[in-house]
Amino acid sequence: MVILDGGLATHLEALGADLRDELWSAKLLLENPSVIRQAHLDYFAAGAEVATTASYQASIPAFVRRGLSASEAEKLIVLSVRLAAEARDSHGTGTVAASVGPYGAYLANGAEYTGDYDLDEDGLTDWHRDRWHILAGSGADLLACETIPSYAEARALGRLLAETPGTRAWVSFSCRDGEHISDGTPLKEAAALFAGNPQVIAVGVNCTAPRHIPSLIGRIEGKPVMVYPNSGETWDAANRRWLGLADPAEFGAAAAGWHAAGSAFVGGCCRTTPEHIRQIGEHLKTG
C-alpha cells in the first residue's frame with residue numbers, strides 16, 4: 001500500500017497563494033517556488049510517500065503564452081521536479097512523481113473533465129512531446145500522467161512512453177461516472193491500453209467523485225490500481241469556485257475501503273489537504 005499526496009493547489013492556497021490564474025499552481029514556479037517546496041514537505045509530514053510535482057499546468061505553450069521563451073519554460077518545468085526532490089531529501093524518504101497534466105489543463109476551460117478536444121491523437125502526441133521529454137530527463141522517479149479524460153490522449157501518452165523506454169509512469173483517468181472516463185470511453189477499455197506495458201507501474205482514477213471509486217476499481221485489470229479522487233465537492237465553472245464540503249475523517253474511512261477493494265495506491269486530488277492524507281494513514285492503521 002502506497003499513500004499518495006493530496007491536492008497541491010488546495011494546500012498552496014491554504015498557505016496563502018493566490019492561484020486565480022490559468023497557470024494555476026504553476027504560476028508559483030515563477031513567483032514563489034519556496035511555497036511549493038513547503039507544500040510538498042507538509043504532505044510528506046502528513047504521511048504521503050509520493051510528492052507529485054507542480055508541473056500539471058506547466059506546459060511550454062502555457063508559459064510561452066505568458067511571454068516566456070521556450071528555454072525559460074523548460075527551466076521552470078525542471079524546477080518543479082527539483083522542488084519536490086528537495087522536499088523529499090529534507091524529509092528523508094519518498095518518491096518524486098512528475099505530473100503530466102492533460103491537454104485540457106492547458107486549454108483552461110474544463111476540458112480535462114470532458115475530453116472535448118480540438119486535437120486528434122497525432123496532435124496530442126505532438127503537443128505533449130516536449131514537456132514529456134523534459135520531465136523524462138529531469139531526475140524524477142516516474143511520470144504521473146493524471147486527470148486524462150480522453151482515449152485518444154491515453155494512446156498519445158502510450159506513444160510517448162515508447163519514445164522513452166527507460167521511463168516509468170502511472171496513468172490515471174478522470175471519470176464521469178462509475179464506468180466511463182470523461183470522454184465516454186469505458187474505463188476498462190482505456191485501462192487495457194496499458195495492461196501489458198512494463199513501464200506503467202499502476203493505472204487508476206483521479207479527480208473523480210469519491211462515490212464512483214468503488215465501481216471504478218473493479219474495471220481496471222492487469223496493473224496495480226491507483227485512486228486519488230477529489231473531495232466530493234463540485235466545481236462551479238461559471239463562477240470558478242467549489243461548492244460543498246468534505247470531511248477528512250470521512251475521506252480517510254472511505255480510503256480504507258478503497259484499499260480493501262483492491263487499490264494499491266491511495267491519495268487525494270482537488271480540495272484534499274494534508275489532513276485528508278493524515279486520515280488515510282490513520283484509517284489504514286486501524287482498519
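**Note on helix packing and selected loop residues**

1. The backbone oxygen of S182 lies 3.0 Å from a polar atom of the R176 side chain. This is a predicted model, and the points below should be read as remarks on that model. R176 is located in the loop between β5 (169-173) and α9 (187-192). With a relative accessibility of 49%, R176 counts as partly exposed, because the partly exposed class runs from 20% to 50%.

2. The surroundings of R176 can be described further. Leaving aside neighbours within four places in sequence, R176 is in contact with I181, S182, D183, G184 and H212. Of these partners, H212 lies 36 residues from R176 along the chain, and the C-alpha atoms of the two are separated by 8.6 Å.

3. L216 belongs to helix α10, which spans residues 213-217. Its relative accessible area is 1%, and L216 is therefore classed as buried. When neighbours within four places in sequence are set aside, the residues in contact with L216 are C175, D177, G178, E179, L187, V205 and T208. By contrast, L83 is not among the residues listed there: the C-alpha atoms of L216 and L83 are separated by 33 Å, with their positions 133 residues apart along the chain.

4. C207 deserves a check of its backbone. Its phi is positive, at about 45°, although C207 is not a glycine. Most residues other than glycine have a negative phi. C207 sits in the loop between β6 (200-206) and α10 (213-217), and at 6% relative accessibility it counts as buried.

5. A108 is a second case of this kind. Phi of A108 is near 55°, a positive value in a residue other than glycine. A108 is found in the loop between α6 (103-107) and α7. Is A108 buried or partly exposed? With a relative accessible area of 34%, A108 is partly exposed, whereas C207 is buried.

6. The next points concern helix pairs. Helix α3 (residues 33-45) packs with helix α5 (residues 70-91) at an angle of about 40°, and their axes are 9 Å apart. That angle makes α3 oblique to α5, because it is not under 35 degrees and so does not count as roughly parallel. The crossing of α3 and α5 is right-handed. On the α3 side the contact is made by P33, I36, R37, H40, L41, F44 and A45, and on the α5 side by L79, L83, A84, E86, A87, R88, S90 and H91. By class, the residues of this contact divide into 9 nonpolar, 3 polar and 3 charged.

7. Helix α5 also packs with α7, at an angle of about 45° and with the axes 10 Å apart. The two helices are therefore oblique to each other, and their crossing is right-handed. Which residues meet in α5 and α7? From α5 they are E74, I77, V78 and V81, and from α7 they are R131, I134 and L135. This contact has 5 nonpolar residues, no polar ones and 2 charged ones.

8. Helix α7 (residues 121-136) has a further partner in helix α8 (residues 151-163), with an angle of about 45° and axes 9 Å apart. That makes α7 oblique to α8. The crossing of α7 and α8 is right-handed. In α7 the residues involved are E121, D122, L124, T125, H128, R129, W132 and H133, and they meet A152, E153, R155, A156, L157, R159, L160, L161 and E163 in α8. The contact of α7 with α8 has 7 nonpolar, 3 polar and 7 charged residues.

9. S59 touches residues that belong to the helices above. S59 is placed in the loop between β2 (50-52) and α4 (60-65). Not counting residues up to four places away in sequence, S59 touches I77, Y106, W127 and R131. Two of these partners, I77 and R131, also take part in the contact of α5 with α7. S59 is buried, with a relative accessible area of 2%. Where does the side chain of S59 reach? The side chain of S59 reaches the backbone nitrogen of A62, at 3.2 Å.

Key. Residues are numbered from 1 along each chain as its sequence is written. This is a predicted model: local features need pLDDT of at least 70, side-chain atom pairs count only at pLDDT 80 or more; totals for chains, interfaces and linings use all residues. Side-chain values use heavy atoms; hydrogens and water are left out. Axes are lines fitted to C-alpha atoms, for helices over the stretch in contact, and angles run from 0 to 180 degrees between N-to-C directions. Helices (H or I, at least four residues) and strands (E, at least two) are DSSP runs, numbered from the N terminus. Angles under 35 degrees count as roughly parallel, over 145 as roughly antiparallel, 65 to 115 as roughly perpendicular and the rest as oblique. A crossing is left-handed if the near helix is turned anticlockwise from the far one by less than a right angle, and right-handed if clockwise. Contact means heavy atoms within 4.5 Å. Ala, Val, Leu, Ile, Met, Phe, Trp, Tyr, Cys and Pro count as nonpolar, Asp, Glu, Lys and Arg as charged, and the others, Gly among them, as polar. Buried means under 20% relative accessible area, exposed over 50%, partly exposed in between (1.4 Å probe, protein chains only). A polar contact is a pair of N or O atoms within 3.5 Å; within protein, one must be able to donate a hydrogen and the other to accept it, and residues adjacent in sequence count only if both atoms are side-chain atoms.
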